[in-house]
Amino acid sequence: MGTLDGRSAIVSGSGRGIGREIALRLGSEGASVVVNDLDPAPAEETAAEIRAAGGTAVVCAGSVVEEGFADRFVGTAVDTFGGLDIIINNAGYTWDSVIQKMSDEQWDAILEVHLKAPFQILRAAQPYLKTNAVDHHRKVVNVSSVSGTKGGAGQANYSSAKAGVIGLTKSLAREWGRYRVNVNAVAYGWILTRMTEAVAGDNAFIEVEGRKLPVGINQKIADSASTRIPLGRPGTPSEAAGAAYLLCTQDANYVSGQCLVVDAGTH
């Protein structure tokens, strides 16, 4: 028996990193999962791993910012599994620059993927969540960041988007409480993913919709991890996924409108 038996979930950006680990955890606890990634191959790999472990998963590949994606994403869960119980808004990336060098394109791209896309997905889901014809609470977990709670140098776009995610979370918690939907956020600190494992300036890049974007952590920040982080190290994607999973359980039925900071006590 899994804690999420009979539930259906959609997890954006779940082909890699934290999103992948969230999808695997939900699947291992009995949820039927719609896996999404910008690229089909990693999404298929995650879904295959869920199925190989005895779970249920399908793929809805594509960019969360493309026109019509939100309806297609939500519709995949409803059409395949008969409903929607858990929404994880995780997809995103960084495109950093100090403000005087940040273009409108940089600003718009990051706000669109981190804030507008979750808004559109949640808007598309509302008609399926407003019914009280289920005997359990439904769950929304929006992924924010400590950059959204504390700010981040060189991240005016990302910090603004992630702060907006917290505002969106708190607003929908008030709107959707009457539907028995818990809406919360997780604000991650330094979690080891492909965007944070490399050292900044070390020729590490990711490709996002035709853009080649530099990634990595500043060397001084990396060197100070053992003293700056109370637990002495960055977190793993699996540990990050555990926090999101906790908010999806029925033990968190009276937790809503909250932002859980997951940074080992750094802030």
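What follows is a walk through a predicted model of one protein chain, from its overall build to its helix packing and then to a few single residues.

The chain has 9 helices and 9 strands. Its radius of gyration is 18 Å, close to the 18 Å that the globule rule gives for 267 residues, so the chain is as compact as a globular protein of that length. Measured out along the principal axes, a phrase meant here only in the sense of computed extents, the C-alpha trace spans about 50 × 40 × 40 Å. Buried residues account for 50% of the 267 residues. If one takes the contacts between residues at least 6 apart in sequence, 69% of them join residues at least 24 apart.

Helix packing is a natural next step. Two packed helices are described by the angle between their axes and the distance between the axes. The pair that comes up early in the sequence is helix α1, covering residues 17-28, and helix α2, covering residues 40-52, which pack at an angle of about 25 degrees with their axes 9 Å apart. Angles under 35 degrees count as roughly parallel, and α1 and α2 are therefore roughly parallel to each other. Their crossing is right-handed. On the α1 side the contact is made by Arg-20, Ala-23, Leu-24 and Gly-27, and on the α2 side by Thr-46, Glu-49 and Ile-50. Sorted by class, this contact of α1 with α2 has 3 nonpolar, 2 polar and 2 charged residues.

A second pair is formed by helix α4, residues 104-129, and helix α6, residues 156-176, which pack at an angle of about 15 degrees with their axes 8 Å apart. That angle makes α4 roughly parallel to α6, and α4 passes α6 in a right-handed crossing. From α4 the residues that meet α6 include Trp-107, Ile-110, Leu-111, Leu-115, Pro-118, Phe-119 and Leu-122, while those of α6 that meet α4 include Tyr-158, Ala-161, Val-165, Leu-168, Leu-172 and Trp-176. The residues of this contact divide into 15 nonpolar, 6 polar and 1 charged; Lys-162 of α6 is among the residues that take part.

Helix α4 also holds two alanines that can be followed to other parts of the chain. Ala-109 lies in helix α4 and, at 8% relative accessibility, counts as buried. Leaving aside its neighbours within four places in sequence, Ala-109 is in contact with Tyr-93, Trp-95 and Arg-211. The C-alpha atom of Ala-109 is separated by 9.5 Å from that of Thr-94, a residue 15 places away along the chain. Ala-124 is likewise placed in helix α4, and with a relative accessibility of 12% it counts as buried. Not counting residues up to four places away in sequence, Ala-124 touches Ala-70, Asp-71 and Val-74. Between Ala-124 and Ile-87 there are 11 Å in space, C-alpha to C-alpha, for a separation of 37 residues in sequence.

The loop between β4, residues 86-89, and α4 contains Asn-90. Although it sits in a loop, Asn-90 is buried, with a relative accessible area of 12%. Once its neighbours within four places in sequence are set aside, Asn-90 is in contact with Ser-12, Gly-13, Ile-18, Gly-19 and Val-143.

Two residues deserve a look for their backbone geometry. Most residues other than glycine have a negative phi. Arg-180, by contrast, has a phi near 60 degrees, a positive value in a residue other than glycine. Arg-180 is found in the loop between α6 and β6, the strand of residues 181-188, and at 30% relative accessibility it counts as partly exposed. Ala-264 also has a positive phi near 60 degrees, again in a residue other than glycine. The place of Ala-264 is in the segment after β9, the strand of residues 259-262, and its relative accessibility of 34% makes it count as partly exposed.

Note on methods
Residues are numbered from 1 along each chain as its sequence is written. This is a predicted model: local features need pLDDT of at least 70, side-chain atom pairs count only at pLDDT 80 or more; totals for chains, interfaces and linings use all residues. Side-chain values use heavy atoms; hydrogens and water are left out. Axes are lines fitted to C-alpha atoms, for helices over the stretch in contact, and angles run from 0 to 180 degrees between N-to-C directions. Helices (H or I, at least four residues) and strands (E, at least two) are DSSP runs, numbered from the N terminus. Angles under 35 degrees count as roughly parallel, over 145 as roughly antiparallel, 65 to 115 as roughly perpendicular and the rest as oblique. A crossing is left-handed if the near helix is turned anticlockwise from the far one by less than a right angle, and right-handed if clockwise. Contact means heavy atoms within 4.5 Å. Ala, Val, Leu, Ile, Met, Phe, Trp, Tyr, Cys and Pro count as nonpolar, Asp, Glu, Lys and Arg as charged, and the others, Gly among them, as polar. The radius of gyration is taken over C-alpha atoms; the globule rule is 2.2 Å times the number of residues to the power 0.38. Buried means under 20% relative accessible area, exposed over 50%, partly exposed in between (1.4 Å probe, protein chains only).
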